[in-house]
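Trainee: Could you take a close look with me at a single part of this structure and then show me how it sits in the whole? I would like to follow each step slowly.

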Amino acid sequence: MLTQLYRPPLALLTDLYQLTMAYGYWKLGRAEQQAVFHLFFRKAPFQGGYAIAAGLEQAVDYMNGYHFEPSDLEYLALLTGNDGKRLFEDAFLEYLGNLKLSVEVDAMPEGTAVFGQEPILRVRGPILQCQLLETPLLNIVNFQTLIATKAARISAAAGNDPVLEFGLRRAQGIDGGLSASRAAYIGGCAATSNVLAGKMFGIPVKGTHAHSWVMSFDTEQEAFEQYAAVLPNNCVFLVDTYDTIDGVRLAAEVGRKLRQQGHEMVGIRLDSGDLAYLSTEARKILDEAGFPNAAIVASNDLDERIIENLKIQGAKIAVWGVGTKLATSHDQPALGGVYKLAAIQDEAGNWQPKVKLSEQAIKTSIPGTLQVRRYEGPDGFIGDMIYDETKGIDVREIIVDAKDPTRRKRLSSKAQAVDLLQTVMQDGKRLGETEPLDKIRERAMQQISRIHPTIRRFMNPHEYPVGLDIGLHELRDQMIHDIRDKRLVDSVGDG
């Protein structure tokens, strides 16, 4: 089953309603009508102040190989409506069989700090193609951005201490485990226990032994000695199988024997109990035994808040192994990213902006072919402007909060500024080579360092200034009023 599932291409990795809409566009002769869609989230995850964009490489790889196989079309031919008749006619399935993507995709580079309402991806091309890409793009980008952000928060709590990603056993399936390992590395983790992720992505792999190793021997000392005999260059002893303090003393004893043989004990791992107290006592034992450089590794359902609290308590932990709460994003299981139509080309070739209204202001979409310009000063990021690329930036250089139009900020053109969305695909083909994961990780670390500490904090973070170019704000506002006024007139006419 696995070899059948994880095979290229994956054109059917979509929701049925994407295909029914695609069929509708085709049936009405609108399949090639040009459109613009944006992928974005409205609120930063974890009640935080930022997110880290991730998943672009997999998204581009998915689109680059996009096509329907004969078996896909055979399956679609079997689908029926509520009257028992086929959903899709043969001519449409033939169209899908010959389909080759011709979209242009612009995206924030992976590892970029991103904020609410900002497009992470912009897809422009035939509306049928853009529509078919909605579900898979959200599936790929939402999860990896979520995990990269969680990893960034955990790494921030750990400070200069390395964080190891240990989440494969609890991850949401095979792809969930691999994607989590990759995204966690982007977000700041130093290594993973996931060997397949190490092979596929070049992530450093780390690991030692489990409680079952200790339990398989008659005594804990024998278990440590045999592990040292087999892997003398990888000795991190798990010390809490029976009694943690005794386990630390036994580890130190085996460490002395290991040193006599020309090897050095790397450290110990704590996986239960009062980690603040136990790490402090363990540090005393190891130091007195002559192992001041032996690292104390801690695991046991850690996350950024627990790590932060343990550091406040003075825990003597040097390496943090984080599994379930990272790989599954335990406290927020989904990012909530969306993919919205923002502009469509009319028969005369003119771009017509589109807006989605909502009773909730935050859910009213932003029209136009959007770009994000980031302004930066010597001390870090100043603010971001969302503007319509086809219209340019208004000379007033003012941004208006999309949620609260009374909140405004002037951004000086004298500040250093860069447009964040970069072209990664043209005419359905990828541009450039795969970016090394280490470079993406470095970008994420650099980006986070440029965000003000008040925005990075976990509790009640300050809100980073993101707003619409004032000209775009005025256009959007007018479109909203026009739509609502028309609906009022229509409702009076119906009455």
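Mentor: What follows begins with one helix and two of its residues, and then moves outward to the rest of the chain.

The model is predicted, and for that reason local features need pLDDT of at least 70 and side-chain atom pairs count only at pLDDT 80 or more, while totals for chains, interfaces and linings use all residues. Residues are numbered from 1 along each chain as its sequence is written, and side-chain values use heavy atoms, with hydrogens and water left out.

The part I have chosen is helix H7, which covers residues 134–158 and holds Ile-140; helices (H or I, at least four residues) and strands (E, at least two) are DSSP runs, numbered from the N terminus. Ile-140 has a relative accessible area of 13% and is therefore buried, where buried means under 20% relative accessible area, exposed over 50%, and partly exposed in between (1.4 Å probe, protein chains only). What does Ile-140 touch, leaving aside its neighbours within four places in sequence? It is in contact with Gly-55, Gln-58, Ala-59 and Tyr-62, contact meaning heavy atoms within 4.5 Å. Thr-135 also has its place in helix H7, and it counts as buried because its relative accessibility is 16%. Not counting residues up to four places away in sequence, Thr-135 touches Leu-13, Thr-14, Asp-15 and Gln-18.

The next step is to see how H7 packs against a neighbour. Two packed helices are described by the angle between their axes and the distance between the axes. The axes of helix H3 (residues 56–64) and H7 come within 9 Å and cross at roughly 165°; axes are lines fitted to C-alpha atoms, for helices over the stretch in contact, and angles run from 0 to 180 degrees between N-to-C directions. That angle makes H3 roughly antiparallel to H7, since angles under 35 degrees count as roughly parallel, over 145 as roughly antiparallel, 65 to 115 as roughly perpendicular and the rest as oblique. The crossing of H3 and H7 is right-handed, a word used if the near helix is turned clockwise from the far one by less than a right angle, and left-handed if anticlockwise. From H3, the residues Gln-58, Ala-59, Tyr-62 and Met-63 meet Pro-136, Leu-137, Ile-140, Val-141 and Gln-144 in H7. By class, this contact of H3 with H7 has seven nonpolar, two polar and no charged residues (Ala, Val, Leu, Ile, Met, Phe, Trp, Tyr, Cys and Pro count as nonpolar, Asp, Glu, Lys and Arg as charged, and the others, Gly among them, as polar).

H7 also has a part in the core. The largest nonpolar core has 137 residues, of which Phe-68, Leu-96, Leu-133 and Phe-237 touch the most other members. Its largest share, 13 residues, comes from H7. A nonpolar core is a set of buried Ala, Val, Leu, Ile, Met, Phe, Trp, Tyr and Cys residues joined through side-chain atoms within 4.5 Å.

For comparison, consider two other helix pairs. Helix H2 (residues 16–27) and helix H5 (residues 90–97) have axes that come within 11 Å and cross at roughly 105°, which means that H2 is roughly perpendicular to H5. Here Leu-19, Ala-22, Tyr-23 and Trp-26 in H2 meet Ala-91, Phe-92, Tyr-95 and Leu-96 in H5, and the residues of this contact divide into eight nonpolar, no polar and no charged. The axes of helix H12 (residues 244–260) and helix H13 (residues 275–288) come within 10 Å and cross at roughly 25°, and H12 and H13 are therefore roughly parallel to each other.

Finally, here is the whole chain. The chain has 18 helices and 21 strands, and buried residues make up 52% of its 495 residues. Its C-alpha atoms fill a box of roughly 90 × 55 × 45 Å, taken along the principal axes.
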